[in-house]
Amino acid sequence: MQTRTTPGAMLKAMREKPPLVQCITNYVAMNIAANVLLASGASPAMVHAADEAGEFAGIAGALTINIGTLSTQWIDGMQAAAKVATSAGKPWVLDPVAHYATAFRRNEVAELLALRPTIIRGNASEIIALAGGESRGQGVDSRDPVEQAEGSARWLAERQQAVVAVTGVVDFVTDGERAVRIEGGSVLMPQVTALGCSLTCLVGAFAATAPEDIFGATVAALSTFAIAGEEAARGAAGPGSFSWRFLDALAALDSETLDARARISAA
């Protein structure tokens with residue numbers, strides 16, 4: 001299998017052969033997440049019903065699960081899809097949105113973690129709490145800096161044998177052995193709802209493109225988001241104009257520009 005060694009090479013490969021990504025995400029994120037994948041070159045499928053989610057996971061190149069608007073009706077679909085993805089050796093991404101907020105969320109995240117996600121993406125508060133630490137998170141908002149979650153991310157990656165991505169002002173990615181920080185983005189990004197959820201779906205798209213390098217695929221997805229965020233912010237007057245400019249920036253981003261501008265450093 002060919003190894004794609006840079007974010008730009010992975011982006012180019014994704015656009016040459018768009019992966020089908022099953023996105024079990026929340027109501028708020030469905031539209032923007034689908035548009036983010038389309039703009040980036042992937043093919044989204046928002047398939048969550050228990051009657052078909054497991055079967056569809058066998059077709060898709062990758063699966064992403066986001067518990068933002070968790071409901072009893074969706075849990076069976078999430079678990080069925082995760083079981084198929086795991087047994088088929090397909091990458092899947094868990095986004096444990098505000099998992100610490102209620103017992104309902106804590107219980108479901110524990111069950112999903114037992115199904116061995118390939119990648120876990122969350123904000124600092126979510127990752128700290130997922131590793132058993134005390135976070136300052138409130139609802140979906142992170143009250144902790146990314147650097148404070150780095151130790152928790154390393155521990156969680158080793159325990160779960162997964163890649164863990166902590167996103168914030170400067171992103172952090174680790175597989176328990178390797179670790180990098182990724183700079184970029186814009187202060188406007190947290191003001192646009194569901195961009196983080198959309199990033200989870202994009203991580204799945206890159207993982208489907210380069211399943212032989214899950215760590216590199218995660219870094220590539222976060223780098224793509226960071227550079228597109230920088231570009232969108234150049235002409236944005238606020239979060240409204242930033243939102244559509246961000247989609248345009250994703251669509252316009254080419255592999256050469258991504259590799260030239262990505263700011264990735266060892267951690």
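Two exercises follow, one on the largest pocket and one on helix 7.

The model is predicted, with local features requiring pLDDT of at least 70 and side-chain atom pairs counted only at pLDDT 80 or more, while totals for chains, interfaces and linings use all residues. Residues are numbered from 1 along each chain as its sequence is written, and side-chain values use heavy atoms, leaving out hydrogens and water.

**Exercise 1.** Describe the lining of the largest pocket by class and by element.

Step 1: the largest pocket (an open set of points on a 1 Å grid over the protein atoms alone, where a 1.4 Å probe fits, with protein on both sides within 12 Å along at least five of seven lines) holds about 1100 Å³ of space. Of its 43 lining residues (those with an atom within 4 Å of a point), N123, T167, G168, P190 and G196 are the closest to its centre.

Step 2: by class, the lining has 21 nonpolar, twelve polar and ten charged residues, with Gly counted as polar.

Step 3: among the elements supplying at least two lining residues each are strand 5 (119-123), helix 7 (146-160) and helix 9 (214-233), but the largest share, four residues, comes from helix 8.

**Exercise 2.** Characterise the geometry and packing of helix 7.

Step 1: helix 7 has 15 residues and reaches 20 Å from its first C-alpha to its last, close to the 21 Å expected at 1.5 Å a residue.

Step 2: just after helix 7, Q161 takes a positive phi of about 55°.

Step 3: the buried residues of helix 7 (under 20% relative accessible area, 1.4 Å probe, protein chains only) include V146, S152 and Q160, and the buried residues pack against elements including helix 5 (103-113) and strand 6 (163-167).

Note on methods. Grid points are joined across faces, edges and corners, and a volume is the space filled by probe spheres set on the points. The expected span of a helix is 1.5 Å times one less than its number of residues. Buried means under 20% relative accessible area, exposed over 50%, partly exposed in between (1.4 Å probe, protein chains only). Contact means heavy atoms within 4.5 Å.
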